[in-house]
Amino acid sequence: MPKAKVIHVFYSVIVFTVGIQILSMLRTALLAKQFGVSSEMDAFNLANLMMVAIVNIGGAAIPTVVIPFLTNISDERIPEARRVLNSYLVTILSVSAFFLLLVYLIGFISMEYFQWKVDKPFYYMTYLLTFIMGVGQLFRMYSWLQISNLEVEGKFIWIKVAGFVAALSNLLFLLIYSSQLTIYQIAISVAISFLIEAVLLACSNRKWAFNFSFSFRSEEYRRLIRLTLPSLFGSILYQVTILLPNLLGSYFGTGYISMMTYANQIVSIFQVLLVTNLLSMIYPNLSRNFQQSIQVGKTKFVQYLKLLVLLILPVVAGMLVLGQEVISLLFERGSFDSTSSVHVFQFLFFLMLSLPFIAFKELTFKIFYSLGDTVTPVVNSTLAIIFQVLFLLVGVLKMGVITLMISPLVVALFALFLAVIVLAKKMSFKYEFIVIAKETGKVALNAVIMACIVYIAKGMIVFSSEIINLGIYVIIGVITYGLLTTITDFKFVRKFLLGKGKME
């Protein structure tokens, strides 16, 4: 893809992504105002996390397996490839539906046999919400396959348009009726928004539209399933690590699940905006680069990582300085007070620090997925997950709730260590590490200087309006970092802004 087109698409995707995240954050602010950090909000968030985790057991493998498959399909093979994808989709949906039914059965037994319906109303509320959220997540799974197809076709903008329309419809519904709705009706509205997104994506993806034509006996279908199995195992373990902190959070009392969710909501804005968007655009190209030659792929990997670091580190530094103001502006009203803001920032602090390491790990995994190796990422993920589970279980007993706060950073550092080892052993990375360290150090220094200047500005520039203060601090940070980056990396900035050359 020509670099000028990449830049145009990237800016368009950024605009829609910002829009989606703003709509999502407004929805969260509405819920925070009405429910705060109550048991109802805890039940809603826990049910959502459980259903995301269960459906992701099968769904997480879709993009990593499907995208390399689609990049190698010629026009003559499209009819057969469509049948293979239909078969694959039915299989993955069936696996996720099986796990959902299993959870519902276990929940039913717990409610009736152990009388949790009466004795533990929080768990009963969570159980009822899982039915609604589970259906919504099945719609999301179908959307993931459509998104994988559209990414290979280069239709990144339409993907975001569908997400924007779905998020907008949900927010408008809540703005009109939120004060009259129960937590169950709010969950239904979220599930319906996922359905809207799935329908819009399906309409835009007619080339790979689902139909009742299958190829379960083909070698390509069996190969996709074989590639999926290691990812399936790793996904099961990974979803456990997502659920475990929240289950432990409920152990410490009411509100901790919601505090972690609000912090994750803020981090997800930047993770989706920068990491997910960039990786979704990079992955098809990186896959082609590594299929062309290992050396070309390694060179491109370093370039892509530099771009990720250049965008992520200033955001992390800025949020460490301005996170408290952001939380206060977004959530501090109604049932959400200043004490809740302090607790949410404590979780946010360590989540933001872990973001660069997560980006490095995810980009590393893309190398092996591009080469058809799903085992290496699963082995690394499994080791990281085992480490996280042990750290959480031991840490909660020894250090208490602070374990939940620092675990994202501790685990991200451990995952970084594993990623460096596997790149050195399997991909012969040596010189590349020197380049990565040099470029990352330069960007980190610029980000730290920017954060210091913003922190000083906070003590000198204070107006009565929180939003004006925050806006001024952000502008100061952007200008400072922009100038520092232009001075220290002028050639890269100039080349990127002018759209010269190719990014293939």
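A residue counts as partly exposed when its relative accessible area lies between the buried range, under 20%, and the exposed range, over 50%. Keep that in mind for the close-ups below, all of which show a predicted model.

**View 1. A salt bridge within helix H15 joins lysine 442 and glutamate 439.** Here the closest N and O atoms of the two side chains are 3.4 Å apart. Both residues belong to helix H15, and they sit 3 residues from each other, about one turn of the helix. Lysine 442 has a relative accessible area of 25%, so it is partly exposed. Its partner, glutamate 439, has 15% relative accessibility and therefore counts as buried. The pair also has company: Lys306, Glu439, Lys442 and Asp489 are linked in a network of salt bridges.

**View 2. Glutamate 197 meets arginine 140 in a salt bridge.** Side chains of opposite charge can pair when their charged atoms come close. In this view, the closest N and O atoms are 2.7 Å apart. Glutamate 197 comes from helix H8 (residues 183-203) and arginine 140 from helix H6 (residues 121-153), so their contact ties together parts that are 57 residues apart in sequence. Are these two partners buried or exposed? Glutamate 197 is buried, at 9% relative accessibility, and arginine 140 is buried too, with a relative accessible area of 19%. In the whole structure, a search finds 10 salt bridges.

**View 3. Lysine 458 and glutamate 325 form a salt bridge.** The closest N and O atoms of this pair are 3.0 Å apart. Lysine 458 lies in helix H15 and glutamate 325 in helix H11, so the pair ties together parts that are 133 residues apart in sequence. Glutamate 325 is partly exposed, with a relative accessible area of 25%.

**View 4. The largest pocket has a lining of 40 residues.** About 1,400 Å³ of space lies in this pocket. Closest to its centre are Phe270, Leu273, Val315, Val474 and Val478. Which helices help to build the lining? At least two residues each come from helix H1 (3-35), helix H10 (256-292), helix H11 (294-331), helix H15 (431-460), helix H16 (466-488) and helix H17 (490-498). Helix H11 gives the most, with 11 residues. Sorted by class, the lining holds 34 nonpolar and 6 polar residues, and no charged ones.

**View 5. Six residues form a nonpolar patch on the surface.** They are Leu168, Leu172, Phe173, Leu175, Ile176 and Tyr177, and together they have about 540 Å² of accessible area. Start with leucine 168, which is found in helix H7 (residues 156-177). It is partly exposed, with a relative accessible area of 31%. Leucine 175 lies in helix H7 as well, and at 51% relative accessibility it counts as exposed. For a sense of distance, the C-alpha atoms of leucine 175 and lysine 33 are separated by 12 Å, with the two residues 142 apart along the chain.

**View 6. Serine 428 has a positive phi in a loop.** What is the phi of serine 428? It is about 55 degrees, although the residue is not a glycine. Most residues other than glycine have a negative phi. Serine 428 is found in the loop between helix H14 (402-426) and H15. With 46% relative accessibility, it counts as partly exposed.

**View 7. Isoleucine 402 and phenylalanine 347 have C-alpha atoms 8.9 Å apart.** Along the chain, these two residues are 55 apart. Isoleucine 402 lies in helix H14 and, at 39% relative accessibility, counts as partly exposed.

**View 8. Phenylalanine 490 and tryptophan 158 are 33 Å apart in space.** That distance runs from C-alpha to C-alpha, and the two residues are 332 apart in sequence. Phenylalanine 490 lies in helix H17. With a relative accessible area of 47%, phenylalanine 490 is partly exposed.

Methods:
Residues are numbered from 1 along each chain as its sequence is written. This is a predicted model: local features need pLDDT of at least 70, side-chain atom pairs count only at pLDDT 80 or more; totals for chains, interfaces and linings use all residues. Side-chain values use heavy atoms; hydrogens and water are left out. Patches are made of residues with over 30% relative accessible area and no salt bridge: like charges are joined within 9 Å, nonpolar side chains (Val, Leu, Ile, Met, Phe, Trp, Tyr) within 5 Å. Accessible areas come from the Shrake-Rupley method with a 1.4 Å probe; for residues, only the protein chains shown count as cover. A salt bridge is a side-chain nitrogen of Lys or Arg within 4 Å of a carboxyl oxygen of Asp or Glu. Helices (H or I, at least four residues) and strands (E, at least two) are DSSP runs, numbered from the N terminus. Buried means under 20% relative accessible area, exposed over 50%, partly exposed in between (1.4 Å probe, protein chains only). On a 1 Å grid over the protein atoms alone, a cavity is a set of points where a 1.4 Å probe fits but cannot get out, and a pocket is an open set with protein on both sides within 12 Å along at least five of seven lines; lining residues have an atom within 4 Å of a point. Grid points are joined across faces, edges and corners, and a volume is the space filled by probe spheres set on the points. Ala, Val, Leu, Ile, Met, Phe, Trp, Tyr, Cys and Pro count as nonpolar, Asp, Glu, Lys and Arg as charged, and the others, Gly among them, as polar.
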